[in-house]
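Work through these exercises with the structure open beside you. Try each task before you read its solution.

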Amino acid sequence: MSVTSTSASGVPSPEEIVDLSSAMYLADHCESSVSNITYSLAFSSGNPRIEETRGVMHLYREDISASTSQLPIGRKPLVCVLGVPNHMTDADFCKFCGSFIQHMSEMRIVRNDGMEDRYSVLIRFDSQNSTDNFYKHFSGKRFSSLEVEVCRVLFTIDVQYTGSIEHAQASPASSTEQPTCPVCLERLDQDTSGILTTICNHSFHCSCISKWTDSSCPVCRYCQQQPEKSVCILCQTSENLWICVICGFVGCGRYKEGHAIKHWKETQHCYSLEVETQRVWDYAGDNYVHRLIQSKTDGKLVELNSHCAHADDSCGSCDCSIDSAFTEAVLNSKVEAIVNEYNDLLATQLENQRIYFESLLQEVREETERELSEAVEKAVCLKLQKLQAKLDKCVKEKKFVDDINENLLKNQEIWKAKLQETEERERRLLMLKDNKIRDLEEQVIVLWLPPFCCAFSLEI
């Protein structure tokens, strides 16, 4: 079963159980051939106080790719990042992945058995090429330059969910409607953006959870960085503990040794926080004063009833029925405090929503400006290309005209030389003709002179 085939509640569907059975059947027949290159690792996810989902991931051994230069044959676009330090939040891991986030269709954060201070991340990519590039880029890379831990990336063969353990009744959820992101309220669609499922089985868009700077879940406030278990300062017990909100004294409740109430009697510090439920108890008023508590059904913060926990007909231990005027004044002050707290909470949420939508508007403006700048740049480039083409054409025509002019000038010199030669030849011919005419005239004169002389003599 792949990571993306789980339901919103983390419980496998009947179709997934059939796929699981088929996968287990094939695994039994192929175990002897692949046992030397793969191994299995158990994992779990979910809030331990509400519901836990358990499963097994089948991974290629780390030394297979290290011993050979080739990647495992038959690998899938599914990898597992093992041993991520707990101090890295979901947003930190998204920033660590960098540009590969846009190629991830789903990420799921799980915890491995025996690793209390670390967690693992199952990542499914949109293509095998992106998976191989992610493996080559991050395998053996340090999470930070100040740390010695390196990123261990292993190709994952399959992920099988063995079941879930419910510690409290889960809230009813619709299985027909596609879940939405609790931050932006958009549908969780892998085709449009990557989906990140936190260790408490709450899903978000990667772009939304990357802006969440807190280490706790935005929905149930479950923190993967679990603090060390506290104990009573006096009796060292770890059950039914209360912390004084004034001085930080840790003592056991009245159902153990009662060191917390003894501390109140000695110091008059009347407010104490219950470690398990995160509720505040007022020893002076003998009731809870914290208005918001963590629900055991779904892990969300819900409103606690403001009336006295002992206010029934058989109550005789509290002072709620002694003075009606005092009770009414206390009730009015509590109502006013609740109204003020609600107004502050509403103002805070509205401010957060305003900041969120302003960030969306800013993104839209930046996208519009970027598109406009790209369109202007494209138009300018197209215009420059046309002008450059015209310029090249004009340059080519000018060069052609210059060549013709040069040829014409050469021809002009040639024809001038020919014309001079022709004129010189004609001049010589004219001179020759004139000389011939002169000679002929002289010959004519010579020929005509003797007869003329004879006739002249005869006449004399």
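**Exercise 1. In this predicted model, decide for L185 and for N201: buried or exposed?**

Step 1. Start with L185. Its relative accessible area is 63%. The cut-off for exposed is over 50%, so L185 is exposed.

Step 2. Place L185 in the chain. It lies in the loop between β6 and β7.

Step 3. Check the backbone. L185 has a positive phi of about 65 degrees, although it is not a glycine.

Step 4. Turn to N201. Its relative accessible area is 12%. Buried means under 20%, so N201 is buried.

Step 5. N201 sits in the loop between β7 and β8 (203–205). Its phi is positive as well, near 70 degrees, in a residue other than glycine.

**Exercise 2. Find which strands pair with β11, and work out which way its side chains point.**

Step 1. Look for the partners. β11 pairs with strand β9 (residues 241–244) in the antiparallel sense, over 3 bridges. Strand β12 (residues 280–282) also runs antiparallel to β11, joined to it by 3 bridges.

Step 2. Pick out single bridges. I243 has L273 of β11 as its bridge partner. S272 has W281 of β12.

Step 3. Inspect the turn. The hairpin of β11 and β12 has 5 residues between the strands, and Q278 there takes a positive phi near 60 degrees.

Step 4. Recall the general pattern. In a regular strand, side chains alternate between the two faces of the sheet.

Step 5. Apply it to β11 (residues 271–274). S272 and E274 point to one face and are buried. Y271 and L273 point to the other face and are not buried.

**Exercise 3. Work out how enclosed strand β2 is, and describe its hairpin with β1.**

Step 1. Count the buried residues. In β2 (residues 51–60), 7 of the 10 are buried, so the strand is largely enclosed by the rest of the structure.

Step 2. Find the pairing. Strand β1 (residues 38–45) runs antiparallel to β2 over 8 bridges. In one of these, A42 is matched with V56.

Step 3. Follow the chain round the turn. The hairpin has 5 residues between β1 and β2, and G46 in the turn has a positive phi of about 105 degrees.

**Exercise 4. Trace the largest nonpolar core and show how α3 fits against its surroundings.**

Step 1. Recall the general tendency. In soluble globular proteins, nonpolar side chains tend to be buried together.

Step 2. Find the centre of contacts. The largest nonpolar core has 42 residues. Those with the most contacts inside it are V81, F93, M104, M107, V121, I123 and F134.

Step 3. List the suppliers. Elements that each give at least two residues to this core include β3 (78–85), α3 (90–97), β4 (104–112), β5 (118–125) and α4 (128–138).

Step 4. Zoom in on I123. Beyond its neighbours within four places in sequence, its contacts include L78, V81, F93, M104, M107 and F134.

Step 5. Separate the other core. A second one, of 12 residues, includes M57, C80, L82 and L154.

Step 6. Now take α3. Of its 8 residues, 6 are buried. These are D90, A91, F93, C94, F96 and C97. Their cover includes β3, β4, β5, α4, β7 and α5.

Step 7. Look at what follows each helix. G98 comes after α3 and has a positive phi near 65 degrees. G140, just after α4, takes a positive phi of about 85 degrees.

**Exercise 5. State how many cavities of 30 Å³ or more there are, and compare the linings of the largest and the second largest.**

Step 1. Count. There are 3 cavities of 30 Å³ or more.

Step 2. Take the largest. Its volume is about 70 Å³. Its lining has 12 residues, and D90, T198, S215, C217 and Y222 lie nearest the centre.

Step 3. Sort that lining. It divides into 7 nonpolar, 4 polar and 1 charged.

Step 4. Take the second largest. Its volume is about 40 Å³. The lining includes W242, I243, H263, W264, Y271 and S272. β9, α6 (259–267) and β11 each give two or more residues to it.

Step 5. Sort again. The second largest cavity has 8 nonpolar lining residues, 3 polar and no charged.

Notes: Residues are numbered from 1 along each chain as its sequence is written. This is a predicted model: local features need pLDDT of at least 70, side-chain atom pairs count only at pLDDT 80 or more; totals for chains, interfaces and linings use all residues. Side-chain values use heavy atoms; hydrogens and water are left out. Buried means under 20% relative accessible area, exposed over 50%, partly exposed in between (1.4 Å probe, protein chains only). Helices (H or I, at least four residues) and strands (E, at least two) are DSSP runs, numbered from the N terminus. Two strands pair if DSSP finds at least two bridges between them. A nonpolar core is a set of buried Ala, Val, Leu, Ile, Met, Phe, Trp, Tyr and Cys residues joined through side-chain atoms within 4.5 Å. Contact means heavy atoms within 4.5 Å. On a 1 Å grid over the protein atoms alone, a cavity is a set of points where a 1.4 Å probe fits but cannot get out, and a pocket is an open set with protein on both sides within 12 Å along at least five of seven lines; lining residues have an atom within 4 Å of a point. Grid points are joined across faces, edges and corners, and a volume is the space filled by probe spheres set on the points. Ala, Val, Leu, Ile, Met, Phe, Trp, Tyr, Cys and Pro count as nonpolar, Asp, Glu, Lys and Arg as charged, and the others, Gly among them, as polar.
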